[in-house]
Structures are given as structure tokens and as C-alpha cells.
Amino acid sequence: MHTTYITTALLAFTTLAPVLSAAIPGRTTHHGSVTYCSGPNACAPMTIKDDNCLTFGSPMKRLTFSAGLSCELTNPSIVDLKMADQSPVVVLFGYEASAFTWKARWALKIKQIPYTFITVPSMMPRPVLKDTFGLTYRKIPVLAIGKELYCDTSLIIEALEHFFPDSEGYQSLYPRAADGRIYRPMMRGFASYWIDRPFFRATCGLMPGSVWRTSFGQDRAGLIGHTLDPDKLEKKIPENMSRFDMQLSMLEPMFDQKDSPWIFSTSVPSLADLAMYYQLWWGVEVAKGHFIHNLTAGGTEDTDTEGAEAVFNAQRYPGVFTWYRTMQRYLENLPSVENKDPAFGEVLQQIKKSPNLGRRSLLLPTPRSSHTELDRKCGLVEGSLVSVAPDDTGMNDPTIGTLVALSSEEVVIKPQALDKAAEIEVRVHFPRLGFVIRLAERAKL
């Protein structure tokens, strides 16, 4: 007897859509046997309910599954498994000197999700993204799960949590705290609205002045929207070092706790630990002049100065420093899951062969759906041509596309066709918080 095991992540990306609810009334049918699993070692046979299954003639073509579950289909003749033997490829596009790329890389490593890493330039243009997907969005990283592209690490993290849940053996970035509570909203806010913003502004200000005297400085001036004076930025390094010190001073009391080495008293690192670590690590490295050759595409050479050691050390901030070393060892001891820079032609074929995400699985789950009436008043209805841009840097370079779907978490668009047709038709997902979505003709208002 042929048996096929299908995970939740794969189910969402096949003609099999998101498993059967265990207690829905209705007469059973005899389309085949299904083994329902609520965890790796918690499986039981169950029958298919008419209420839960969509059939298109005979044999059955689609089953509807709920998130976080998996099943065995023991009679493949009843289900179209043409796409089910193909898992969607996971590809991360970024570059070595990108702080936010490291956030995504370490998230994938903590969750132990195998993925391919494709290096792109630190500055525009990025032909591999434009020519392959028609994507002109200028921030990095970009994550592809099959033919779905996720932009901004705040949304990338949520996509990884959803499609690779702890119920299927992947570690969660939102583990339960010692008091039994799950602090997911607080962890997200800590990462996105403290560490990724004011803390990042402090660490970014530690970059050596030589960085800004290269084409990188010109490129980032375009991103920010105004000219940058390298001499002034170099003179501001002591001021930014002081801001960095103030940030560490605010964070130090979090590490007085004795019940757990992690920020929210969890049993394993959470998103909060990941966020603070990647940004602190990057700031320390770039302040020394590490990675700046990569950052500037060879415009300046790496150095190895004292950097931020006068501020960040075991004597001044013992709690933060001890936690930092603990997190460093934790990441170093994890097995690698990265396949770095294979031939892109092979990766391209994998993406092309990846199954499509079903319509009902297109949006990540949210506590509440989008407010339809408010969206309508803003002109945000399916099929509209919209402009999507970050609300901080990059506002002058919006991504234009047709609105496909919308929730309180994300906006999904089909990118507008460019002069040269993209090799793969994709959908692009952006967060709603931190981004401005408007009708394209109103984009400049």
C-alpha cells in the first residue's frame, strides 16, 4: 500500500488546501481512510466528513485541513497527489553585511528550516530579483516560499511561524514563558518597534565614515530621501556611541532575572532574544569596521578597530554581556540548515516547480479580519492597482501592483509588469503595520 505523508506547510501549497475537524457532525463518506495527527506521536484514524471536503467529480480532488495538523493519505487513488510530493522551496535573498538578513538567517536556523541562501548586491539594482520576479522593492532580505515572496523581517517571521509550526517539530520563536503565558504581541513589539527602529538607528550610526564616502552612501541617500554628508556622519559617531550606551543601560535590568537566561523567561530563545542579538552583534561588528568591504561592494576595506568595546563589555553591562555570550553559544551549537549560493538556474527550476499557495491559505491567520468598510473607504479592494511603501525609509520607491488579498496583518499584491517580463509569476506579501498602502494614482499625495 502506498502511503504519502503531508505536512501542514505543504498542504497549504498544493491542490490540497488547509485537517479535518474532529467533531463536526455529518454523515461519513467512503472516499478513503485518513489518519489525523495533532502532534508527532498523537495520531488516530478518522473518517472524512462531507462538511469538510470539497469534491470535484470522482475521484476526490481536494481536502480542507486546519492549520497545525498533518495527515497520512493511505489511498492515493482518491486524491490528486500530483503536487503533493513537492515541498515548496524556501529561498532567502540577502547579503553578508545586512543586519536584517542575519535576523532572517538566524530565525531559520533556530527553527531548523532547511533553506537556500542567494547572495544579492548590497545596493540597487538587483537583477536576480527584478528579472526573476519583477520585484523592484529595494529593502533586503526577501524570502521566497515557493512562488510567494515575503518582504520585511516582521512578516517573514510570521510566515515561518505559520508554515513551519511547533506542532510539526519546528521550534517556535514564541515559546511559553515561565509563568505559563505566551507574550507574542510583546515580543513582536519589542523586536519591531524598539530593536529594529531606535536601537538600529544607534548601531547604524556606528559605521565608520569611510562607508559613507563610497557609492553606498549615495545609494542610501536615495533610500532615505536626502543627501548624506560623510564628514558630518563621521563626527556624529561619538554621539551615536552615547545613544548606543543609553540603549544598553535601558536593557540591562532585563537580565537581573535568575529563572531563565532568556529575555521573557522562556525555556529557549524567543523572537525578543533573536532580535536583540542580531542587532547587537551587527552593531559591534560594523563599529569595528568588519563587513564594510561587503557593504560597500568593495568601496572601502574592512578594518579591525576597538569599535564599541568601551561601551559594550562585561564590566559595564554584565547582564547583557552574559546573555549575549549565551545566545552566541546557542546559535553556534545549532546544526546548519543553509545551502549557500548554489547555481541559481537550479534554484529557479525548484521555484518554478513549487506548488501554488491555495487561495484559502493565502493570508496568514489573524485574531481579527481586516476592517472591510474602512479598507473600502481607502479604495483598498481586490483588483485595485495599489502602491506599497515603507513608512520610514524607501517611501520614494513604492512597489506597484494589483491588490490580491488584504488582512490586518498583510497586503498581497501581484507586481505590476515591467518592460521585461518576469521569469516567474509571483505574489508579494508586505506587512500592513509599518507600510503605507494607497491607490496607485494617489501614491504621491
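This briefing describes selected helices, the nonpolar core and several salt bridges of the structure above. The model is a predicted one, and its largest nonpolar core has 114 residues, while the structure as a whole holds 23 salt bridges. Helix α9 receives particular attention here, since one of its residues, Asp245, is buried and also meets Arg316 in a salt bridge.

**The nonpolar core**

- Of the 114 residues in the largest nonpolar core, the ones that touch the most other members are Phe93, Phe244, Leu280 and Trp323.
- The largest share of this core comes from helix α10, which spans residues 271-288 and supplies 13 residues.
- Leaving aside neighbours within four places in sequence, Trp323 is in contact with Phe255, Pro261, Trp262, Ile263, Asp273, Met276, Tyr277 and Leu280.
- As a general background, nonpolar side chains tend to be buried together in soluble globular proteins.

**Helix α9 and its two sides**

- Helix α9 covers residues 237-251, and its 15 residues reach 21 Å from the first C-alpha to the last, which is close to the 21 Å expected at 1.5 Å a residue.
- The buried residues of α9 are Asn240, Met241, Phe244, Asp245, Gln247, Leu248 and Leu251.
- Seen down the helix axis, the buried residues of α9 fall within an arc of 160°, and therefore they line one face of the helix.
- The face turned away from this buried side carries Pro238 and Met250, which are exposed.
- The cover over the buried residues of α9 includes α5 (184-204), α10 and α12 (318-332).

**Asp245 and its partner Arg316**

- Asp245 counts as buried because its relative accessible area is 14%, and the limit for a buried residue is under 20%.
- The side chains of Asp245 and Arg316 meet in a salt bridge, with a distance of 2.8 Å from N to O.
- This pair links distant parts of the chain, for Asp245 lies in helix α9 and Arg316 in the loop between α11 and α12, 71 residues apart.
- Arg316, by contrast with its buried partner, is partly exposed at 45% relative accessibility.
- Apart from neighbours within four places in sequence, Asp245 is in contact with Val311 and Tyr317 as well as with Arg316.

**Other salt bridges**

- Arg376 and Glu373 also meet through their side chains in a salt bridge, at 2.4 Å from N to O, and because they are three residues apart in helix α14 (residues 372-377), about one helical turn separates them.
- Both of these residues are partly exposed, Arg376 at 46% relative accessibility and Glu373 with a relative accessible area of 35%.
- Lys414 forms a salt bridge with Glu425, in which the closest N and O atoms are 3.8 Å apart.
- Lys414 belongs to strand β14 (residues 410-415), whereas Glu425 sits in the loop between β14 and β15 (427-431), 11 residues apart.
- Of this pair, Lys414 is partly exposed at 38% relative accessibility, while Glu425 is exposed at 60%.
- Glu96, Arg105, Glu338 and Lys340 are joined into one network by salt bridges that share partners.

**Helices α2 and α7**

- Thr101, placed in helix α2 (residues 99-111), is buried with a relative accessible area of 0%, and its side chain makes a polar contact of 2.8 Å with the side chain of Ser98.
- In helix α7 (residues 215-224), the buried residues are Phe216, Gly217, Asp219, Arg220, Ala221 and Leu223, and they pack against α6 (209-212) and α11 (292-295).
- After α7 comes Gly225, whose phi is positive, near 105°.

Terms used:
Residues are numbered from 1 along each chain as its sequence is written. This is a predicted model: local features need pLDDT of at least 70, side-chain atom pairs count only at pLDDT 80 or more; totals for chains, interfaces and linings use all residues. Side-chain values use heavy atoms; hydrogens and water are left out. Helices (H or I, at least four residues) and strands (E, at least two) are DSSP runs, numbered from the N terminus. Buried means under 20% relative accessible area, exposed over 50%, partly exposed in between (1.4 Å probe, protein chains only). A polar contact is a pair of N or O atoms within 3.5 Å; within protein, one must be able to donate a hydrogen and the other to accept it, and residues adjacent in sequence count only if both atoms are side-chain atoms. Contact means heavy atoms within 4.5 Å. A nonpolar core is a set of buried Ala, Val, Leu, Ile, Met, Phe, Trp, Tyr and Cys residues joined through side-chain atoms within 4.5 Å. The expected span of a helix is 1.5 Å times one less than its number of residues. The arc is that of the directions from the helix axis to the C-beta atoms. A salt bridge is a side-chain nitrogen of Lys or Arg within 4 Å of a carboxyl oxygen of Asp or Glu.
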